[in-house]
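Colleague: I should like to go through this structure with you. Could we begin with one helix and work outwards from there?

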Amino acid sequence: MIRKKILLIGDFHVGKTSLIRRYVDHAFDDTYLTSIGVKISRKKLLLDHKEYELLIWDLEGATPRKPIPKTYYRGASGAVFVGDVSRLETIRNLDAHIATFKEVNPDSAHVIAYNKADLLQMDQTNRFQNLKNTFLTSAKEDINVDKIFTTLAKEIFHD
Amino acid sequence: MEFEAYDETTISRKLLPIFDDVFLQKLQEKESKIITLLSRHLAQIILKSSQRDLPALSRSLQSVISPAISKEIAENKDKMVDALYPIMGGMISKYVTQSIKEMMEHINEKIEDGLSLDRYKRKLKSKMTGVSETELLIEESNDAHISSLFVIHKESGLLIAEAYIEDREIDDPHMVASMASAIKDFVNDWIKSHEDAISSEVQIVSYGNETLYIESAGSVYIIAFLDAEPDHEQRADINAFFATLIKGYSAFFQNFNGDDSSKEIETISQKMHAFLNAQKGNKLTPDRKSAKENTRKNPAKILLIILGMVAFGYLVYLGDRYYFSYRLEKRILEKTGQNVDVEHIADTIHIRGNITSMHDFYAIQDIISKETTGDFVNELHMPLEELDRKVIQQQKSIEQLRHTLRHQNIRLDTLEKALAAKTVALQENTKRLDTLRLRYDALIEQLAEKKHKFP
């Protein structure tokens, strides 16, 4: 079986952990390893009848007092960048997160999740870019959760 | 209002907004019956809750129990000590007894394993350092023991290979490998940001009774899971083993892509298993333990091994003697052309065979005395016909000699007789000569007288 490391990156309270809990059926307790700013889960998935596994590193949002260790980025084959649609500054910060990540892993794949889409009114959804590998998601309503991870996995394993 | 009083829905709707306040007022009354009623059913409520959703109830109580215990210890320390003493005493006693039992078993294993090289090494170490063998044994029994080994890809934290002692498998090793990597990365990052030691890497992580020993190379690192902190010797052993893996598989490690189905991983795992099983003071798995006990309890096996070793030594000894004999036979054949048998019996060399001449006989003796300083028995034979022929030849020679001697004797007799005759004749001639000399002297005298008479 082929395994790959992926990251979940985004500001505080954008719903990274909720996305993982929705996607992964086997996750450690939320409080696990929070002191070092990372929670790790794993998920097996089938692509074209072949089994793969993702080891998902959920990186805690950085603060000036507690920056994300750059070493966490190393060796990642891909990343899910998460923003909160109800807090636009978290969406704006995504570019900086992507740039930092690509600096360490220039050849890696990534997807963007505009999370908490359940809070949007129908007419508000148009505000968000409908680009490739960019999805409106909701962990609460289970909108596009599997899709972001499957899309990223396909990019990684079929590359 | 009277009409509404018969309608339950209406009553609920009317009461609901004020229910909390009413309930609170009722609880705060001096002679409230609600608390009495609730306290009667509290135990049942807790029981029902635990039956329905025990984890949820545990989580709810978790936040209460710890502070409650802390408070109780702070305020009523003696009561808590009295309450816990019977259990704690037993627990500590059981733990200590078990630890001592394990240590005794370990020491006994080492003592019983009397034929091992380690025993003699320990004896030598004891003599050299002045530390008693018992102390060394106890020290060895305290050696940290590796229960699992992980080889992890440094960049991604993905597990490449693992090995573990039987019954000590780590649950979800891939997750543990990732988490260990995260911890290692976090600590390394912290060290680098707080100290100047750029090259420093975390080597030991301890939690409870478990210790993780981490040794890093370029593209991978190894984690040894131990039950105590490893000493210098054990670290050196782990590092040396890790170095052999790096040496053999560096290209594979560098190009690792997360695929665990390659043959290299199988081979690496086998090597890691072998290293774990070979570690000094290995706590034996049940199968290996029973196998070792069987060996220890079965003197026939030990005797068989000793006999085997003796037989092997004897075969080597026989081989050496056979080669010596073969070499000697070949040399005799080359030098004399005689095909003889050389055989070792006890410590004596026996030479057997038929030879055709005494010259060869002596030549063979000469060769043997040059080749060995040991005793040898000459059992060489000359064939009977050959011997007869030689005897007849000798007899003929003797006869000829006799014949010649006889002739010589006859001639000697003749010569003796001739000599005797000559001697007699000589004697007669001597006598005649004497007579003639006398006559000559008389004539001379007569002549002299005549000269005197007739000057």
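**One helix and its surroundings**

Modeller: This is a predicted model. In helix α3 of chain A, which spans residues 94–104, the buried residues include A:Leu94, A:His97 and A:Phe101.

Colleague: How are the buried residues of α3(A) placed, seen down the axis?

Modeller: They fall within an arc of 65 degrees, so the buried residues line one face of α3(A).

Colleague: Why would residues at such spacings point the same way?

Modeller: An α-helix has 3.6 residues a turn, so residues three or four places apart point the same way.

Colleague: And which exposed residues does the face turned away from the buried side of α3(A) carry?

Modeller: That face carries A:Asp95, A:Ala96, A:Ala99 and A:Glu103.

Colleague: What covers the buried residues of α3(A)?

Modeller: The cover includes three strands of chain A, β1 (2–10), β4 (78–84) and β5 (109–115), together with helix α2 (88–92).

Colleague: Let us step back. How many helices and strands does chain A have?

Modeller: Chain A has four helices and six strands. Along the sequence they follow the pattern β-α-β-β-β-α-α-β-β-α.

Colleague: What share of chain A counts as buried?

Modeller: Of its 159 residues, 44% count as buried. As for contacts in chain A with a separation of 6 or more, 62% of them are between residues 24 or more positions apart.

Colleague: Changing topic: how many residues of chain A are in contact with chain B?

Modeller: There are 16 residues of chain A in contact with 20 residues of chain B. On the chain A side, β1 and β2 (38–47) each supply at least two residues, and β1(A) gives the most, with four.

Colleague: What is the make-up of that side by class?

Modeller: The side of chain A that touches chain B has nine nonpolar, two polar and five charged residues.

Colleague: Now the largest nonpolar core. Which residues touch the most other members?

Modeller: They are A:Val80, B:Ile152 and B:Ile223, in a core of 79 residues. Strand β5 of chain B, residues 220–226, gives the most to this core, with seven residues.

Colleague: Which residues does B:Ile152 touch?

Modeller: Leaving out residues up to four places away in sequence, B:Ile152 touches ten. Among them are B:Leu158, B:Ile160, B:Ala177, B:Val220, B:Tyr221 and B:Ile223.

Colleague: Which residues are among those of the other core?

Modeller: Apart from the largest core lies another, of seven residues, including B:Leu328, B:Ile349, B:Ile351 and B:Ile364.

Note on methods. Residues are numbered from 1 along each chain as its sequence is written. Chains are lettered from A and ligands numbered from 1 in the order in which they are written. This is a predicted model: local features need pLDDT of at least 70, side-chain atom pairs count only at pLDDT 80 or more; totals for chains, interfaces and linings use all residues. A residue is buried if 20 or more other C-beta atoms lie within 10 Å of its own, exposed if 12 or fewer, and partly exposed in between; C-beta atoms are placed from the backbone. Two residues are in contact if their C-beta atoms, placed from the backbone, lie within 7 Å. A nonpolar core is a set of buried Ala, Val, Leu, Ile, Met, Phe, Trp, Tyr and Cys residues joined through C-beta atoms within 7 Å. The arc is that of the directions from the helix axis to the C-beta atoms. Ala, Val, Leu, Ile, Met, Phe, Trp, Tyr, Cys and Pro count as nonpolar, Asp, Glu, Lys and Arg as charged, and the others, Gly among them, as polar.
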